[in-house]
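Here are some notes for a colleague who is opening this structure for the first time. They are meant to be read with the model on the screen.

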Amino acid sequence: MSTVQNPIKLICTNAECGKEFIVIPQEATFYEQKKLPLPDHCPSCRHKQRMALRSERQLYKRTCDKCKNNMVSVYPQEAPYLVYCTNCFWENIE
Ligand SMILES: [Zn+2]
Ligand SMILES: [Zn+2]
């Protein structure tokens, strides 16, 4: 169950960005459970990093961590990252 109740406000550490971004409770709980640090880049910077890596990486069939629809990602299902489909990704950063 979720132990994080409120969205967490963080600042993107990308010097060219520096935007405030919100980690939603669902995502914070996920990082907590996986004993991972909270992200230090805003979703759009993380998205750009993923895009930059994409061409060198294999794509995996997996399900979206939010809506559970089938999707394709650079991360396999067992990767320690929350992976959202395009719909959920854009929903999340609003
Ligand atoms: Zn950023
Ligand atoms: Zn989804």
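What share of the 94 residues in the protein chain is buried? Buried residues make up 10% of them, and that figure comes, like every other value in this note, from a predicted model.

1. Overall layout. The protein chain holds three helices and four strands, and read from the N terminus these elements follow the order β-β-α-α-β-β-α. Measures of extent can be set beside this order: along its principal axes, the C-alpha trace spans about 35 × 30 × 25 Å.

2. Overall packing. A compact globule of 94 residues would have a radius of gyration near 12 Å, and because the protein chain has 13 Å, the two values agree. Among the contacts with a separation of 6 or more, 29% join residues that are 24 or more positions apart.

3. The hairpin of S3 and S4. Strand S3 covers residues 60-63 and strand S4 covers residues 70-73, and the two pair in the antiparallel sense over four bridges. Within this pairing Lys61 stands opposite Val72 in S4, while Arg62 stands opposite Met71 in S4. As general background, side chains in a regular strand alternate between the two faces of the sheet.

4. Lys68, in the turn of that hairpin. Six residues lie between the two strands of the hairpin, and Lys68, which is not a glycine, has a positive phi of about 65°. Why is Lys68 classed as exposed? Lys68 has 10 other C-beta atoms within 10 Å, and a residue counts as exposed if that number is 12 or fewer.

5. Lys35, another positive phi. Lys35 is also not a glycine, and its phi is positive at about 55°. This residue is found in the loop between helix H1 (25-33) and helix H2 (43-54), where Lys35 is exposed, with 7 other C-beta atoms within 10 Å.

6. Ser73, in strand S4. Ser73 lies in strand S4 and counts as buried because 21 C-beta neighbours lie inside 10 Å, the threshold for a buried residue being 20 or more. Leaving aside neighbours within four places in sequence, Ser73 is in contact with Leu59, Tyr60, Arg62 and Val83. By way of a distance to check on the screen, Ser73 and Asn92 are 19 residues apart in sequence and 17 Å apart in space, C-alpha to C-alpha.

7. Tyr75, after strand S4. Tyr75 lies in the loop between S4 and helix H3 (86-93), and with 16 other C-beta atoms within 10 Å this residue is partly exposed. Not counting residues up to four places away in sequence, Tyr75 touches Tyr60, Tyr81 and Val83. Val83 and Tyr60 also appear among the contacts of Ser73, so a reader may wish to view these residues together. From Tyr75 to Lys61 the C-alpha separation is 8.7 Å, with their positions 14 residues apart in sequence.

8. Gly18, in the loop of the N-terminal strands. Gly18 has its place in the loop between strand S1 (8-11) and strand S2 (20-23). Is Gly18 buried or exposed? Gly18 is exposed, with 11 other C-beta atoms within 10 Å. Its contacts, once neighbours within four places in sequence are set aside, are Ile11 and Cys12. Gly18 and Cys42 are 24 residues apart in sequence, and their C-alpha atoms are 8.4 Å apart in space.

9. Cys42, in the loop between H1 and H2. Which residues does Cys42 touch, not counting residues up to four places away in sequence? Cys42 touches Cys12, Cys17, Lys19 and Phe21. Cys42 lies in the loop between H1 and H2, and this residue is buried, since 22 other C-beta atoms lie within 10 Å. Lys35 is found in the loop between these helices as well, but Lys35 is exposed. Cys42 and Tyr84 are 42 residues apart along the chain, and their C-alpha atoms are separated by 15 Å.

Note on methods:
Residues numbered from 1 in each chain as written. Chains lettered and ligands numbered in written order. Predicted model: local features only at pLDDT ≥ 70, side-chain atom pairs only at ≥ 80, totals over all residues. Rg over C-alpha atoms; globule rule 2.2 N^0.38 Å. Contact = placed C-beta atoms within 7 Å. Pairing = 2+ DSSP bridges.
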